[in-house]
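Subject: Structure handover

Hi,

As promised, here is the structure for you to look at. My notes on what turned up in it follow below.

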Amino acid sequence: MHPPRALSLWDAIAISVGIIIGSAIYESSPRVLENTSGWLVARMTSRQAAAGNAASHDGSTRGRVTESPPDAAPSARSTDLAAWSAGLTLAVWVVGGLLALTGALCVAELATTWPQAGGPYVYLSETLGRSCGFAFAWVEFWIVRPGNLGAVAFVLAKYALAWWPDSAAGSGLGQTAAACLAIVGLALVNATGLRAGKRVQNLLTAAKVLGLGGVLIVSLLSTVPAGSVQPVLPAEGSLALALILVMFAYGGWADISLVAAEVRQPQRNLLWALVGGTVLVALIYVSLNAAFLYCLGVAGMIQSPAVAADILRLRMGTLGSQAISLLVVVSCLGALNGMLFSGARVPYALGRHHPAFRWLGQWHPTRGVPLRSLVGQTVVTLGLIAVFGRDARSFERLVVFTAPFYWGFVALLGVALVIWRGKQPLPARNYRVPLYPLLPLVFMASSAWMAWAAGRYAVQNWSWAGWWTVAVVATGLVVGVADWRQRGRQPST
């Protein structure tokens, strides 16, 4: 049995938005601002130092003018820096959205050309060969998907246990159990059938968007009392790290392509889901950060340990903190459900083309889902949570090692598009990415830079969790060679 086309445009957008908006917007926003502000302060400090050195050497009038006037000058400089920091932060979020949109436009051409289950697995297999597709599916199954699922599940557990009366949130065992329970519960929902999985996704996405809308309104109606926050900005920061954090928040924009075989009218709806979902998330992210800055100010937002909770607490007291905890849980549930829903299609597609994994390529005839792939992905995720979740920091370190693989294969999607265009130079009936080859080149360059930056960070922060990725890659090479030889002896389906 093959996947039925049962997903409407709204279903596809709900999956896309639900996967992208997880917990990152709550965790990343203050850190992005901290890095952009620190970067500006460091640059201004270095310029003032250079100007002061020049003035001391030539004694010119121009050099003396740059000296700091007494009294009001420090306050004016602080205000100017805060304004520039706010503007630069919003610009970084806009740039991140534009880069994600560029990727969505490029992947839309591949998705409408091959509207099949598995998304990137299919594109890489068709353009760069079955071995490249196998490498993507192998890493996706063992590293990227379970790592991301586990990370979001632990954030969910942390906020869910905050409601528990007796400090269970601080227990590593309690968080591990709650994370596993969330994964199992959502896997059971998706195993029930396609209709149940998409209805839950639609409900969770609608709830999280409405909740974020509520946070936006409260932010615009509230302001921190003057003088309650010291206007202190960080002395240093990294603009590159700020962009990495922003791109992490936009991660998952291409996941709707994994379920392309189930989307109705794929030539139209896949394009709208990829582009529309990315644009909607970008608008939400930029609007929320602008509202956070308006409510708390630059220094207040940087110093806030939980920016959304602090804002709701201004208007609603303790009830506001509880409300934001509930919203984070809903956001995480939506991201987890979407990742389980879409991620199971990759091993299914692998099983359709590789004899050694044929048992994964089965579509359940009555439930309308790739049940074996879903169960396999769930088991691997639970195993990683159980092993690395004993120490929450260890699991976080494991997640660090997913980023180089994720962005490396995303960059290869740009290569796949260029190769496909080379094979099919004449205009086709399906959608074509505009401004070719500029947008694919920007897409490839930004993704390759993300892969390099993430890989460098992973190497600099190497830990025992990283040996898991090494073992997976080494095993994949052995299995890949055996699979290649087997494919050479019998035709694939």
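Before the first residue, one cut-off: a residue is called buried under 20% relative accessible area, exposed over 50%, and partly exposed in between. Please also keep in mind that this is a predicted model.

Let me start with the aromatic rings. The search of the whole structure gave 17 aromatic pairs. In one of them, W142 and W468 have ring centres 6.5 Å apart and planes at 65°, so they meet edge-to-face. W142 belongs to helix α6 (residues 130–160) and W468 to helix α18 (residues 466–489), so far along the chain that 326 residues separate them. With a relative accessible area of 27%, W142 falls between the two limits, so it is partly exposed. W468 is partly exposed as well, at 26%. Both tryptophans belong to a cluster that ring pairs build from F134, W138, F141, W142, F357 and W468.

Another edge-to-face pair is formed by Y348 and W363, with centres 5.0 Å apart and planes at 70°. Here Y348 sits in helix α13 (residues 345–353), while W363 is in the loop between α13 and α14 (371–388), 15 residues away in sequence. Which of the labels, buried or exposed, fits Y348? Y348 is buried, its relative accessible area being 3%. W363 is buried too, at 4%.

Now to the charges. The model holds 8 salt bridges, and three of them are described here:

- D11 and K198 meet through their side chains at 3.6 Å, N to O. D11 is in helix α1 (residues 9–20) and K198 in helix α8 (residues 194–221), so the bridge ties together parts 187 residues apart in sequence. D11 is buried at 5%, and K198 is buried at 16%.
- E109 and R421 form a salt bridge of 2.8 Å, N to O. It connects helix α4 (residues 72–113), which holds E109, to helix α16 (residues 402–423), which holds R421, across 312 residues of sequence. E109 has a relative accessible area of 0%, and R421 is buried at 12%.
- R345 pairs with E262, their closest N and O atoms being 2.7 Å apart. R345 is in helix α13 and E262 in the loop between α9 (239–249) and α10 (266–302), 83 residues apart. Both R345 and E262 are buried.

Two of these arginines turn up again. R421 joins E109 and R432 in a network of salt bridges, and its charged end also sits over the ring of Y436, 4.2 Å from the centre. R345, for its part, lies over the face of F341, at 4.4 Å from the ring centre.

As for the interior, the largest nonpolar core has 132 residues, and W253, Y285 and L336 have the most contacts inside it. Leaving aside neighbours within four places in sequence, Y285 touches I20, I21, I25, W93, A249 and Y250. S342, in helix α12 (residues 318–343), is buried at 0% relative accessibility. With the same neighbours left out, S342 is in contact with I19, R145, D255, L258 and V259.

Lastly, two short stretches to look at. Helix α5 (residues 120–128) has 7 of its 9 residues buried, and G129, which follows it, has a positive phi near 105°. In helix α11 (residues 307–316), the buried residues are V307, A308, A309, D310, I311 and L312. Just after α11 comes G317, with a positive phi of about 65°.

Happy browsing, and best wishes!

Technical notes:
Residues numbered from 1 in each chain as written. Predicted model: local features only at pLDDT ≥ 70, side-chain atom pairs only at ≥ 80, totals over all residues. Heavy atoms only, no water. Phe/Tyr/Trp six-rings, centres within 6.5 Å; stacked < 30°, edge-to-face > 60°. Helix = DSSP H or I, 4+ residues; strand = E, 2+ residues; numbered from the N terminus. Buried < 20%, exposed > 50% of the residue type's maximum accessible area, 1.4 Å probe, protein only. Lys NZ or Arg CZ within 6 Å of the ring centre and 35° of its normal. Core = buried A, V, L, I, M, F, W, Y, C linked by side-chain atoms within 4.5 Å. Contact = heavy atoms within 4.5 Å. Salt bridge = Lys/Arg side-chain N within 4 Å of Asp/Glu carboxyl O.
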